[in-house]
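Biologist: I am new to this structure. Take me through the terms used for it, and show me how each one is earned.

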Amino acid sequence: MKKDMKNLIFILSACFLLLFPQIQAFDFSELENSVSEKTLDNGLKVLVMERHDAPVASFVTFCNVGGTNDPKEYTGLAHMFEHMAFKGTPNIGTSDYEKEKELMKIEDSIWYELRAERKKGIAADSVKLEKLEKAFEDAIDAANEVVIPNEFDNILEREGTVGMNAGTGMDMTVYMMSLPSNKMELWMAMESERFLNPVLREMYRERNVITEERRQTLENSPIGRLIDAMKSAAFTAHPYGISIIGHMSDIMNYTRDKALEFYRTNYVPSNMTISIVGDVNPKEVFKMAEKYWSRIPYSPPPDKLATIEPEQQGERRVELEDPSQPFIAIGWHIPEGTHPDFPAIEAMSDYLGQGRTSLLYNNLVKDKKIAAQVGIYPGYPGSKYPSLLLAYAMPTPEHTNEECEEQIFSEIEILQNELISAEDVEKIKARTKASLINQMNSNMGLAMQLASNQNSWGDWRELFKSLDKINAVTAEDIQRVAQKYLTKQNRTVAKLNTSGS
Amino acid sequence: MKYIKFILLGIILIFALTSMSIAQDVEKIDFPELNKIKIPDIEKVTLENGITLYLLEDNSLPIFNVRTRINCGSYLEEADKIGLSNICGNVMRTGGTSKWTGDEIDELLEGIGGSVEISIGTTSGNATVNVLSEYSELGLEVLAEILRRPVFDQDKIDLAKIQVRTGISRRNDDVGSVARREFTKQIYGKDSPYARTVEYKTLDAINRDDLVKFHKTYIQPQNIQLAIWGDIDKKNIIKLIKKYFGDWSIGSTEVPPPPKVDYDYRSKVYYAEKKDAKQSYIRIGHIGGTVFDEDYADRIVMNSILGGGFGSRVTDAVRTKLGLAYSAGGRYISNFAYPGYFFMIASTKPNNTIKAAKEMIKQIKSMHTNPPTDTEMKKGKDGYLNSFVFNFDTKSEVINRMMTYDFYNLPSGFLQQEKEKVEKVSPEDVVAAAKNNIRTDQMIVLVAGNKDEFDEPLTSLGLGEAETIDISIPSPENNQELEITPENLQKGKDLLDKAVVAAGGIESYKKINAISIKGQMLISTPNGEFGVNLQMMEAYPDKQFSLIEVMGSKMYDITNGNTGWKTDQATGELVQKTENDMIDVNKDFSRNVILLFKESDNPSYQTVYNGSGNENGQAVEYVALVDKAGEIICTFGFNNQTYQLVSKSYFGTTQVGEGLVIKYMDNFQEIDGAKIPMTVETHMNDQKLMTLKIEEYLINPTLPTNQFDKP
């Protein structure tokens, strides 16, 4: 930082401290008291938070399954299943289930034949292949005749559902939507039904949709590919190194049986949490939950992953070439989200790279103007297991990845060698507090956060304790984690270079 | 026995019940009445200076929010300064105010976890405040400062421009944005304020004065509405608003309304090539409408049925049934200020492009011929009506909508009226809306991607030959053709004379026979900047000596009349300069500023005025030095107010090759009457190569007689 600015900021900070003494605490008890919980016999956790501002409610089904549960040769299957969860049940999505069952069996058997022939590679019989491909398309068309497409969505939407969506991460899969609060029973009935009796219809067409999604979000995105490449280099053993959407070859390898097997193993109530926030009555909610969700029998939750990423022995480097503009992404190994160091890592990330007053923004964007954007993100691509601290920079037109890299390392060195001031630590806490309070303003946000904390910590109350954890972080902690984790040996550097340059 | 049989029967019965159609069960569920929607109490106050306030108290969380709507937009920019309003909005926030610098504001806000942001869009400007309510007053003060008293610090203008330049350089990196941008240009016209894009040239033309003027003209209290909601006390807020905004004098600018759109309906295919695209992006459509149109409510239902996600015709066909795309859908957009556009998009792998496009066209056409089914009407109508409550689920939504409706003179019950209209929409109405608004035989089809990989040629759409759109980004070079006219020659001479005066006067230069420079050369490399010591002497008109010491070795470059020597970079040996070297040397001398100023009264000099522009953050006038053949030797940029030398540019060679070289002069010091730049930064092809920082500059030093001989 420039000397003048440093002096000025010191003065401002001193005034700040006088005016606004350390009151970063916040009384969440009112919010906490509006939450009720219940566990059904089958292990399903039910969380309800009352907010009676408007006659609406948000609903989240949070499943403790994600990309890290993908079986070998079937990467991306967790994500595929998320798509399939919208395809309906024996009674929703088809005009004739009995006929459909038969037609799907035919699809499957032709698919197995086709897949086997394709696996022969150059030894495959091209005539046979062509015949099978046509038969496969015909079988799909035949099965589609008895499909009522998107009926699951349609029923919910015409009853007033908005924001219906789902997302798959490496650690979890989440299904969410908001409804007028008087339609709570509809959600209970439909949502429990699709996890009790999913029918994976239209799977082979949906597989093509997923290849398009992969093309759109990954292959057509040079920055997406870069971060993907960085992640693959950083993880040699743990599945965090594999893209959530899966390898193209694996996607083309999916079978319906494998997807069902995945569902049976992972989508068990003991592995799921439902979270409802809005204009609802907890007693009613629990009654409905019993009525509809108890239909799913108990199953033990799947085992946690055994694979542990071994310690990285030295810096790794990746280079990609592309006609697009340059970009740099760097990842350092950090522990899992529940590790005692994590709050300090989050505080450090805020100070280092989040916001206009962060070290990286000041240096690369404002001062040297070598980057148009910089950022830091702790816990990529997940945080259930040890993962990465991600740093990235987008160079400005006259500048390079190398310049940005040098300045990023230079700022990290400063962070490692100099303790940050007490004022700056207070500011980090102030930001965390404001951010957390703002999050309390949304039904959907709260439903998500409650379920997520319940899932990660086994206790939704941790949401309200997160500020206390950040408040306990000291300047020494921040320096310690910077020194411990942001080392050369621990990092993987990936650069997107403009081809022809 | 009887008992067991009965129980068994019972069990079977229960199973049967649970496997009964849920779809039917769902229809049978008796939903309770929806709880009443609480319409929040919003107080509206208009100040004397025209500012309109909207206030909503909500003490559920200690948060304070403001959203400002400013009646101005990029449509007000001049065509040669596209990007001006965006930069203005940006620098109003970052460039500091009378009270605080931009960096101080950043520290202040981030220190409390708050934010104040401002941006200017196409037809309106938007400023927001979000702070914990204990800091409400501070939030309002910062807002008032950035709106009323921005100082537009030059460094932050430069920063904003770099960010925009970054955006320009990257605007073809993503196929989807290429498709969207080019489609929008075809709808509104490439020069229309609703479609035009900032270019390097228009960006360079923007200077600080422009920003000050735009701000002064449009950011006036009678153009401002403020919506304030959260943990507030209305009386207190009104007091604070009066404190910080009350003495803001009403302005007199009459803001013209956004221009009308003249659309030319046509059936045409457009192609934007992107060879590395892994997916093609297809956009089909034409002009759209506004919320003031008679059948606006019918179109809401129509949109849902045609392209509104799952259950709609385009999404179901292109994504679900055919599996061609992850993203497929669209709608007929009804804007407030100017017509929207009707569009359908799909992105699919290259060899499904034509298949997908044909299916999209088929589904669009079906809206004329196939009336909506019961299921479709349920989606379009019931979906809207049953989710109506979500228009009121957050305070933010309600208050902001009120502000927008007010601005467009829509009645406060507009939304309710819309709902009542939707309730009455029939399948016939939907078909009529489609027939009246979607001209299926006059749609444009824009495809961005790589046609070499398409399943069929674009002509198979049956809409004729595709027109290829050039999406290349115009270079930043000033490509003006030099016009050598008596006026320009005279103007050039006048400018040069003024520059010489500003630089110390011709006499200060005529007396210069030789100079000696000692300094540091900071060379930019991929591994960072490193400094080397430089010694340089010039004896006019044709002798030059330079010595660079780097890592213990000496690099010479010497010219002595019509001969010279230099250290070969590869071998480190001293070699004689070649013919080509000497030609370069002569060119260099012809560009020498000291020589130029010395001889500025020489009538045979051709100095031609070549327009105005922007160099290194300063507004400059260009003077081109032209040889007898009319070729430009080099171009000087003189500050348009002080006539100080800012830049010198030419096409030449440096150690990294050939290209457009620009030197920026700065840090002027007076030495023996002459104003000499002590910092010279050399750029080539937009990359900074090196910076010369002069530590010692001597005029007419005593030089050894063999100074320019072979060492």
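Biologist: Why are α12(B) and α13(B) called roughly antiparallel?

Modeller: This is a predicted model, so each value is computed from it. Helix α12 (residues 313-321) of chain B and helix α13 (residues 353-369) of chain B pack at about 155 degrees. Angles over 145 degrees count as roughly antiparallel. The pair is therefore roughly antiparallel. The two axes lie 9 Å apart, and α12(B) passes α13(B) in a right-handed crossing.

Biologist: Which residues of α12(B) and α13(B) meet?

Modeller: From α12(B) come R313(B), V314(B), A317(B) and V318(B). They meet E359(B), M360(B), Q363(B), S366(B) and M367(B) of α13(B). By class, this contact has 5 nonpolar, 2 polar and 2 charged residues.

Biologist: What makes α17(A) roughly perpendicular to α18(A)?

Modeller: Helix α17 (residues 443-457) and helix α18 (residues 462-471) of chain A cross at roughly 80 degrees. The range for roughly perpendicular is 65 to 115 degrees. That value makes α17(A) roughly perpendicular to α18(A). Their axes come within 9 Å. Q449(A), L450(A), N453(A) and W457(A) in α17(A) meet E462(A), L463(A), F464(A) and K469(A) in α18(A). The contact divides into 4 nonpolar, 2 polar and 2 charged residues.

Biologist: What angle do α11(B) and α16(B) make?

Modeller: Helix α11 (residues 296-307) of chain B and helix α16 (residues 414-424) of chain B pack at about 65 degrees, with axes 8 Å apart. Their crossing is right-handed. Y296(B), A297(B), I300(B) and V301(B) in α11(B) meet F414(B), E418(B), K421(B) and V422(B) in α16(B). This contact holds 6 nonpolar residues, no polar ones and 2 charged.

Biologist: Now the sheets. Why are β1 and β4 of chain B said to stand at the edges?

Modeller: Start with the order of the open sheet of 6 strands: β1-β2-β6-β3-β5-β4 (chain B), with mixed pairing. β1 (43-46) and β4 (115-120) each have a single partner strand, so one side of each is left without a neighbour in the sheet. Neighbouring strands are turned by 15 degrees against each other on average, direction ignored.

Biologist: How do you know that β4(B) pairs with β5(B)?

Modeller: Pairing takes at least two bridges. Here 6 bridges join β4(B) to β5 (residues 125-132) of chain B. The two strands therefore count as paired, and they run antiparallel. One bridge sets I118(B) against its partner A127(B) in β5(B).

Biologist: Which helices pack on this sheet?

Modeller: One of them comes from chain A. Helix α16 (residues 422-439) of chain A touches β3 (63-70) and β5 of chain B, and makes about 105 degrees with the direction of β5(B). Helix α10 (residues 234-245) of chain B lies across β1, β2 (52-57), β3 and β6 (224-230) of chain B. The angle of α10(B) to β2(B) is about 150 degrees.

Biologist: What are the edge strands of the 5-strand sheet in chain A?

Modeller: That open sheet has the order β7-β11-β8-β10-β9 (chain A) and mixed pairing. Its edge strands are β7 (316-322) and β9 (371-380), each pairing on one side only. The twist averages 15 degrees from one strand to the next. Inside the order, 7 bridges join β8 (residues 327-334) to β10 (residues 387-395) of chain A, and these two run antiparallel. H333(A) stands opposite L388(A) in β10(A). Helix α14 (residues 359-367) of chain A lies across β9 and β10, at about 155 degrees to β9(A).

Biologist: What makes R256(A) and E107(A) a salt bridge?

Modeller: The nitrogen-to-oxygen distance is 2.7 Å. The cut-off is within 4 Å. The pair therefore counts as a salt bridge. R256(A) lies in helix α11 (residues 256-266) of chain A and E107(A) in helix α4 (residues 97-119), so the pair ties together parts 149 residues apart in sequence. Over all chains, the structure holds 77 salt bridges.

Biologist: Where are the cis peptide bonds at P381(A) and P541(B)?

Modeller: One joins Y380(A) and P381(A), with omega about -5 degrees. P381(A) sits in the loop between β9 and β10 of chain A. The other runs from Y540(B) to P541(B), with omega near 10 degrees. P541(B) lies in the loop between β16 (528-539) and β17 (543-550) of chain B.

How values were computed:
Residues numbered from 1 in each chain as written. Chains lettered and ligands numbered in written order. Predicted model: local features only at pLDDT ≥ 70, side-chain atom pairs only at ≥ 80, totals over all residues. Heavy atoms only, no water. Helix = DSSP H or I, 4+ residues; strand = E, 2+ residues; numbered from the N terminus. Axes fitted to C-alpha atoms, helices over the stretch in contact; angles between N-to-C directions. Contact = heavy atoms within 4.5 Å. Parallel < 35°, antiparallel > 145°, perpendicular 65-115°, else oblique. Left-handed = near helix turned anticlockwise from the far one by under 90°. Nonpolar A, V, L, I, M, F, W, Y, C, P; charged D, E, K, R; others polar. Salt bridge = Lys/Arg side-chain N within 4 Å of Asp/Glu carboxyl O.
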